[in-house]
Amino acid sequence: PELNARKEQVAELLAQRDPRLKLHDFRMVKGFSLTNLVFDVLIPAEDKIDHETLKKSIFEEVSKIDPSYRCVIQVDHSFV
């Protein structure tokens with residue numbers, strides 16, 4: 001249940017930023033003091049956003065949910 005709740009929150013953050021952003025392969029790895037949220041973000045093929053800028057922006061928003069969350073994000077381009 002906790003994993004699904006986090007996934008929904010992150011998916012909602014992405015949708016608010018840009019409805020074309022999609023989330024997949026979401027995992028949660030708990031540590032002693034931090035929790036890694038590991039996931040892929042699918043962006044449109046024509047989108048030219050800097051991947052590091054996108055990752056930083058997502059990380060900042062996720063940190064507002066819980067400061068102990070750390071994001072490990074892979075950005076993928078859609079081919080459709």
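Begin by selecting S68, which sits in the loop between α2 and β3. In this predicted model, the side chain of S68 makes a polar contact with the side chain of D66, at 2.8 Å. Now display the surroundings of S68. Apart from neighbours within four places in sequence, the residues in contact with S68 are S33, L34 and T35.

**The whole chain**

Next, zoom out and colour the chain by secondary structure. Two helices and three strands appear, and from the N terminus on their order is α-β-β-α-β. The chain has a radius of gyration of 12 Å, close to the 12 Å that the globule rule gives for 80 residues, so it is as compact as a globular protein of that length. Along the principal axes, the C-alpha trace of the chain spans about 40 × 25 × 20 Å.

With a surface representation switched on, the accessible surface of the chain comes to about 5300 Å². Carbon and sulfur atoms account for 55% of that surface. Of the 80 residues in the chain, 35% are buried. Among the contacts in the chain with a separation of 6 or more, 53% are between residues 24 or more positions apart.

**Helix α1**

Select residues 2–17, which form helix α1. This helix has 16 residues and reaches 23 Å from its first C-alpha to its last, close to the 22 Å expected at 1.5 Å a residue. Show the side chains of R6, V10, L13 and L14, which are buried in α1. Looking down the axis of α1, one finds its buried residues within an arc of 95°, so they line one face of the helix.

What covers these buried residues? Add β1 (22–30), β2 (35–43), α2 (51–65) and β3 (69–77) to the selection, since the cover of the buried residues of α1 includes these elements. Then rotate to the face of α1 turned away from its buried side, where the exposed residues E8 and Q16 are found.

**Helix α2**

Move on to α2, a helix of 15 residues. From its first C-alpha to its last, α2 reaches 22 Å, close to the 21 Å expected at 1.5 Å a residue. Which residues of α2 are buried? They are L54, S57, I58, V62 and S63. To see their partners, display α1, β2 and β3, against which the buried residues of α2 pack.

**Two residues in strand β1**

Now select D25, which lies in strand β1. Most residues other than glycine have a negative phi. D25 has a positive phi of about 50° although it is not a glycine. With a relative accessible area of 46%, D25 is partly exposed.

The last stop is V29, also placed in strand β1. V29 is partly exposed, with a relative accessible area of 45%. Which residues does V29 touch, not counting residues up to four places away in sequence? They are L34, T35, N36 and V38. L34 and T35 were met earlier as contacts of S68. Finally, draw a distance from V29 to V75: the two are 46 residues apart in sequence and 19 Å apart in space, C-alpha to C-alpha.

Terms used
Residues are numbered from 1 along each chain as its sequence is written. This is a predicted model: local features need pLDDT of at least 70, side-chain atom pairs count only at pLDDT 80 or more; totals for chains, interfaces and linings use all residues. Side-chain values use heavy atoms; hydrogens and water are left out. Helices (H or I, at least four residues) and strands (E, at least two) are DSSP runs, numbered from the N terminus. The expected span of a helix is 1.5 Å times one less than its number of residues. Buried means under 20% relative accessible area, exposed over 50%, partly exposed in between (1.4 Å probe, protein chains only). The arc is that of the directions from the helix axis to the C-beta atoms. Contact means heavy atoms within 4.5 Å. A polar contact is a pair of N or O atoms within 3.5 Å; within protein, one must be able to donate a hydrogen and the other to accept it, and residues adjacent in sequence count only if both atoms are side-chain atoms. The radius of gyration is taken over C-alpha atoms; the globule rule is 2.2 Å times the number of residues to the power 0.38. Accessible areas come from the Shrake-Rupley method with a 1.4 Å probe; for residues, only the protein chains shown count as cover.
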